[in-house]
Amino acid sequence: MRKPLLAGNWKMNKTIDESVALVKELAEKVKGVDDRDILVCPTYPALKPVADAIAGTNINLGAQNIFWEEKGAFTGEVTAPMIRNLGVEYSIIGHTERRKYFGETDEIANLKIKSCLKNDLLPIYCIGESKEERENGSTKKVVTSQIIEGLEGIPKLKLEKVSIVYDPIWAVGTDVLPTSDEMMGIRILIKKILAEKYGIKAAEKVKILYGGSVKAKNVRQICVEPGMDGVLVGRESLIPSELVKIAEIIDAN
Ligand code: PGA
C-alpha cells in the first residue's frame, strides 16, 4: 500500500528559532511512524536549520515555492537547484495564495513543475476552483484545464513524482469544507483526466491530496472516506499535537 502523505504548509509563519523548535517537537511526537510520509514546508530562511534539525528523523522537508529559471538576474527569487542543495525533497507548486497574491498561472506552475523534476525535487501541484467558479458549476472545467496546462509536456515516466492537491480557493483558510461525496467526485475526476492523458497505470501512481481547512475533526470525512492519498495542512500544521492527531487518522486510509 502506498503511504499517505501529510504535508504541513507553514506559510509565512515562524522565525528560524521557532521553526526549529516546532519541528523538534513534531519529530519527538512522530518518532517511529514509518507508514506515513510526514512533510513540513517552512519559509526559505528556515529550510537549512530545519534540515539540520530533522537529520536522522522520519520527517521530510519541502519548500513552499521555487522559481523556474536556474540562475540569472531575477532579484529575490530562489531556484530548484538551490533548494535541492539544502537537502529539500519536495516543493509546493501553484498554491492558491501564490495564484491569488502573486498572479501565478497554470503556465507558470508548469515551468516550476518542470524545473522541480529536472532538479530531483518532488512537486506538490495545487489546483482548485474559486467560490464563484464553484457556484456557477465550472469546477470540472477549471480543474481539468489546471491539470492539462500544469502538466503540459511532463512525460509519463516522471508523472509518479508529481502529487496533486485539490486545494479549492473557497476552502483554504475559511473552515468551509467539501462533503465526502464531493471529494470522491473530485478524486475520480482527477484520476480520469490523468488516465486519459497518461493511461490508467500511470494515473494510479499519482497521489491525490486534499488541502483547505483540514483539522483532526474533519480529516476522516474529507480524506479517509473519499479515499484520498493524503492532505496539505495549513494552520493546524503549526500545532504539532494537532498534526499528530491528523496523521493518526489518515493512517486508517
Ligand atoms: P488551511 O491552509 O489549512 O489553513 O486552510 C490550507 C492550504 O494552505 O492549502
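**Figure 1. The largest pocket of this predicted model, seen up close.** Let us start with the open space itself: the largest pocket holds about 550 Å³. Its lining is made up of 18 residues, and those nearest the centre are K11, M12, Q64, R98 and F102. Two elements each supply two or more residues to this lining, namely helix 2 (44-53) and helix 4 (96-102). Helix 4 gives the largest share, with four residues. In chemical character, the lining of the largest pocket splits into seven nonpolar, seven polar and four charged residues.

**Figure 2. The second largest pocket and its lining.** Here the volume is about 180 Å³. A total of 19 residues line the second largest pocket, and K11, V172, V233, G234 and R235 lie nearest its centre. You may recognise K11 from the previous view, where it is also among the residues nearest the centre of the largest pocket. Sorted by class, the lining of the second largest pocket contains six nonpolar, eight polar and five charged residues.

**Figure 3. The ligand in its place.** Which pocket does the ligand take up? The ligand fills the space of the second largest pocket. Around the ligand stand N9, K11, H95, D167, V172, G173, G212, S213, V214, L232, G234 and R235. This shell divides into three nonpolar, six polar and three charged residues. Of the residues nearest the centre of the second largest pocket, K11, V172, G234 and R235 appear in the shell around the ligand too.

**Figure 4. Polar atoms facing the ligand oxygens.** Three residues are worth a closer look in this view: H95, D167 and G173. From the side chain of H95, a polar atom lies 2.7 Å from an oxygen atom of the ligand. D167 also takes part through its side chain, with an N or O atom 2.6 Å from a ligand oxygen. G173 contributes a polar backbone atom instead, at 2.7 Å from an oxygen atom of the ligand. How much of the ligand's 280 Å² of exposed area, taken alone, does the protein bury? The protein buries 99% of that area.

**Figure 5. Two loop residues with positive phi.** Most residues other than glycine have a negative phi, so the two residues in this last view invite a second glance. D120 is not a glycine, yet its phi is positive, at about 65°. The loop that holds D120 runs between helix 5 (106-118) and strand 5 (122-127). S213, likewise not a glycine, has a positive phi of about 60°. This residue sits in the loop between strand 7 (207-211) and helix 11 (219-224). S213 also links this view to the earlier ones, as it belongs to the residues surrounding the ligand.

Technical notes: Residues are numbered from 1 along each chain as its sequence is written. This is a predicted model: local features need pLDDT of at least 70, side-chain atom pairs count only at pLDDT 80 or more; totals for chains, interfaces and linings use all residues. Side-chain values use heavy atoms; hydrogens and water are left out. On a 1 Å grid over the protein atoms alone, a cavity is a set of points where a 1.4 Å probe fits but cannot get out, and a pocket is an open set with protein on both sides within 12 Å along at least five of seven lines; lining residues have an atom within 4 Å of a point. Grid points are joined across faces, edges and corners, and a volume is the space filled by probe spheres set on the points. Ala, Val, Leu, Ile, Met, Phe, Trp, Tyr, Cys and Pro count as nonpolar, Asp, Glu, Lys and Arg as charged, and the others, Gly among them, as polar. A residue is near a molecule or strand if one of its heavy atoms lies within 4 Å of it. A polar contact is a pair of N or O atoms within 3.5 Å; within protein, one must be able to donate a hydrogen and the other to accept it, and residues adjacent in sequence count only if both atoms are side-chain atoms. Accessible areas come from the Shrake-Rupley method with a 1.4 Å probe; for residues, only the protein chains shown count as cover. A molecule sits in a cavity or pocket if more than half of its atoms lie within 2 Å of its grid points.
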